[in-house]
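Biologist: I would like to learn how to read a model of this kind, beginning with what it takes to call a residue buried. Could you give the general idea and then turn to the case at hand?

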Amino acid sequence: MAFYAWRDVLRDLAPNPSLPAGMSRRSIVGDGAMLCMHEAFPELACKPHQHDAEQFSIVLEGRMRFVVGGEARVLGPGEVAHIPGGVPHSIESLDEYVKVLDVFAPCRPDILARLAELAPA
């Protein structure tokens with residue numbers, strides 16, 4: 001498929017190893033990269049984690065605190081966090097709803113596995 005509408009993409013709402021409680025995810029997967037539209041409720045705090053994929057997080061709505069490799073910054077709409085593969089990072093949604101578009105390359109195996117679990121039989 002070459003064209004997508006986020007409204008038509010399956011939304012994962014259940015907490016799981018790759019998605020903390022209080023956050024949802026919609027994913028579009030390509031051959032070497034994936035897009036994940038994440039939405040977070042206020043006061044969400046995601047513990048530090050890391051993965052092999054390089055990540056770009058583009059804040060679309062709200063403000064989110066990112067900690068990347070020990071450096072903390074609060075980002076708002078139109079701002080981007082770059083997280084190199086293997087670097088520990090965490091997020092916090094502060095006191096407002098947040099929408100972030102994440103780009104991962106290569107595709108994250110844990111998210112691919114979760115998508116396979118959600119796929120209709």
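Modeller: A residue counts as buried when its relative accessible area is under 20%, and as exposed when that area is over 50%. Please keep in mind that this is a predicted model.

Biologist: Is E39 buried or exposed by that reading, and where is its place?

Modeller: E39 lies in strand β3, and because its relative accessibility is 13%, below the 20% cut-off, E39 counts as buried.

Biologist: Which residues does E39 touch, and which side chain joins that of E39 in a polar contact?

Modeller: Leaving aside residues up to four places away in sequence, E39 touches R11, G22, M23, S24, R26, Y97, V98 and K99. The side chain of R11 makes a polar contact of 2.8 Å with that of E39, while K99, in β10, is the bridge partner of E39.

Biologist: How should I read the sheet around these strands?

Modeller: Strands of a sheet pair through backbone hydrogen bonds, either parallel or antiparallel. Here an open sheet of 6 strands follows the order β1-β2-β3-β10-β5-β8, with antiparallel pairing. The edges are held by β1 (11-12) and β8 (80-83), each with a single partner strand, so one side of each has no neighbour in the sheet. Helix α1 (residues 109-118) packs on the sheet, where it touches β1, β2 (23-29), β3 and β10, and its direction makes about 95 degrees with that of β2. Between β3 (residues 34-40) and β10 (residues 98-105), which run antiparallel, there are 7 bridges.

Biologist: How many aromatic pairs are found in the whole structure?

Modeller: The search finds 0 aromatic pairs, although the charged end of R108 does sit over the ring of F104, 5.0 Å from its centre.

Key
Residues numbered from 1 in each chain as written. Predicted model: local features only at pLDDT ≥ 70, side-chain atom pairs only at ≥ 80, totals over all residues. Heavy atoms only, no water. Pairing = 2+ DSSP bridges. Helix = DSSP H or I, 4+ residues; strand = E, 2+ residues; numbered from the N terminus. Contact = heavy atoms within 4.5 Å. Axes fitted to C-alpha atoms, helices over the stretch in contact; angles between N-to-C directions. Phe/Tyr/Trp six-rings, centres within 6.5 Å; stacked < 30°, edge-to-face > 60°. Lys NZ or Arg CZ within 6 Å of the ring centre and 35° of its normal. Buried < 20%, exposed > 50% of the residue type's maximum accessible area, 1.4 Å probe, protein only. Polar contact = N/O pair within 3.5 Å; in protein donor to acceptor, adjacent residues only side chain to side chain.
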